[in-house]
Amino acid sequence: MSDFLKKTTEEKTEKRTSLTILISLLLIGVLIIWFAGRNLELKTPLFPLPSPQGVQKFSSEEEFKSYLEKARDRAEYFGFGVISKGFTRFPEVLLMEPLSVAETATLPERVSETTVQVAGIDEPDIVKTDGKEIYFSPGRIWPIWREPIIMESKIIPPYKEAKTKVIKAFPPTDLAQEAEIEKSGDLLLVKDILVIFSGQDILGYDVSNPQKPQKKWEIDLEKKNSIVTSRLFKDKIYLVTKNLIDEIHPCPIKPLMVEGKAIEISCQEIYHPIVPVPVDVTFLALVLDPASGKIEKKVSFVGSSGQSVVYMSEKAIYITYSYYEDIVKFFSQFLKEKCQDLFPSWIFEKLKKLETYDISQQAKNLELQTILEKYKNSLDEDERLRIENELTNRISDYYQERKRDLEKSGILKIDLEKFEISATGNVPGYPLNQFALDEYQENLRIAITVGERFSWFGFGMGEEKSANDVYILDKNLKIVGSIKDLGLRERIYSVRFIEDKGYLVTFRQIDPFYVLDLANPQKPELKGELKIPGYSSYLHPLTKDKILGIGKEDWQVKISLFDVSKAENPKELDKYILDESWSDILNTHHAFLLDKKHEIFFLPGSRGGYIFSYKNQKLSLVKAVSEISARRAIYINDYLYIIADNKIVVLNEINWQKVKELEINN
């Protein structure tokens, strides 16, 4: 089965109802009334008010409540899943290949780091190393059973919480488990402090003596609060959390406790867009000292829980949120521009007045229904049928022209030095993930898909109208340049910005790989395009002119090597189809490891771990390690450590012989 059929199956619920997308939006307010016998209720929450022009702080709890009332029911809620882990066995050490005396006596010269988006800004992951120890947090461990077991009136859960492993790593001859830490989760390592993000807790451990880690501090998140993401930059942790809004008492909030003392955010400290948009959470961005666990700076603002992307540069944190424009205004404009011949003049006069009314969006929608209902009742059945068909066709065409006027992403910029909101802006559509944003020479580049999400509402009946754009915004988040309509009827699957170039992959049936020239922010250009089967969901630069793409083709993991030395003519130099249906790299870039010295990269699969060479512009599988649940890999000097749920395997990168193996105790 092709990737096209696979993707169609995976996204069937979202995709099958999205032809004339504006039918899904505008006919809620028009055709619902227009079609006789339909008793559907107009759902105002789908359509927030016009785009915000900046932000301001709430003056009181009453103002916060008033804001929520205006935007009530417009926020969309999303659930969160838990990734399960494989069970592990008891420890056993096997020595495979002896090491030289020189190797065992010196400290490592080369130590890999977590694969991140921005060099110098670390991201939390399940594995960290300082070249001497490996810190590994496998997460929940699943035993053989999958349902809770009741023993002596006690319920035993189908999993147990794993512990963070402290492993002596270098030299490989000394590979051994030194200690365990009761908590597990994503990790950051700051000198001798290991920070663990464990569910509702953030803990700092002193690991200067790795055999006896000591807890130094703890932060407890309130039950409605959760971690969005964090970064480590210049020995400071930048943390973003989100707190579900209590509509009865929205503020002040107490999102977390530091050493038993609540951190309180007053109403007057919380920013909001000037014009109401969908909100269901209060975000909190803060600067954390990993040595003491103390919070040094903080800023808070309202937003939507499921549609925000966080990107951090060396100068700022950018946070996006999604919203939709005023449906009444949009529809009124449609009637004026495209339907003068379908309606009498009094309809347009009433719509013009309606736009000026200082009433809620819901009241405007109800008034719109009343106006159209009155006109519908004056027509005979033949004329009703004619106008229904005319509206359907004209709305579809109008939406194709104006879709960017409806779906928007707001952007907040937090200056790292002052740690306050320094700019706000917006673009059409929505970004895929953190790689869709990038700061370069004080400009923000952002890649978006627009016109693809409206099928969520379940009213669409046909062909998609999606498109993909790249926008360049200045330091004040004002749009200065754009490239539009990349991959029509497709959506973005991966993005990578590298200095003054951009690389973009969209997908529906084939994989268009786009090369963008962004050297002139005012006039960015599409320079080249390559169409190949499958898609790439992660792009990684190997050299200045070589880009690696990892994705899927016909249900299998696909690796592509792209040559972008000639931007006008990108080429796929080589590709490799791996006999795997999944790799964790498709889920997180942290699972990828590149070792430029040996010109190899690692990727995990469901059946083992794989080491590929990209020498001489060819992809070749130089080593596969089977029968392990591979999660990550690191290198220390010329040794590659493959870290699995149940063991660590060390390979010599010179000859790829197994050097050592350690089974991990869980």
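This passage describes a helix pair and the surroundings of one strand residue in a predicted model.

Two packed helices are described by the angle between their axes and the distance between the axes. For helix α7, spanning residues 327-338, and helix α10, spanning residues 381-402, the axes come within 11 Å and cross at roughly 110°. Angles of 65 to 115 degrees count as roughly perpendicular, so α7 is roughly perpendicular to α10. The crossing of α7 past α10 is right-handed. On the α7 side, the contact is made by F330, Q333, F334, L335, E337 and K338; α10 contributes L391, R394, I395, Y398, E401 and R402. By residue class, the contact between α7 and α10 comprises 6 nonpolar, 1 polar and 5 charged residues.

The second site is centred on D469, which lies in strand β28 (residues 467-473). The relative accessible area of D469 is 0%; buried means under 20%, and D469 is therefore buried. When neighbours within four places in sequence are left aside, the residues in contact with D469 are R404, I446, A447, I448, V450, I483, K484 and D485. For K484, one of these contacts, the C-alpha to C-alpha distance from D469 is 4.3 Å, although the two residues are 15 apart in sequence. Within β28, the side chain of D469 also forms a polar contact of 2.7 Å with the side chain of Y471.

Terms used. Residues numbered from 1 in each chain as written. Predicted model: local features only at pLDDT ≥ 70, side-chain atom pairs only at ≥ 80, totals over all residues. Heavy atoms only, no water. Axes fitted to C-alpha atoms, helices over the stretch in contact; angles between N-to-C directions. Helix = DSSP H or I, 4+ residues; strand = E, 2+ residues; numbered from the N terminus. Parallel < 35°, antiparallel > 145°, perpendicular 65-115°, else oblique. Left-handed = near helix turned anticlockwise from the far one by under 90°. Contact = heavy atoms within 4.5 Å. Nonpolar A, V, L, I, M, F, W, Y, C, P; charged D, E, K, R; others polar. Buried < 20%, exposed > 50% of the residue type's maximum accessible area, 1.4 Å probe, protein only. Polar contact = N/O pair within 3.5 Å; in protein donor to acceptor, adjacent residues only side chain to side chain.
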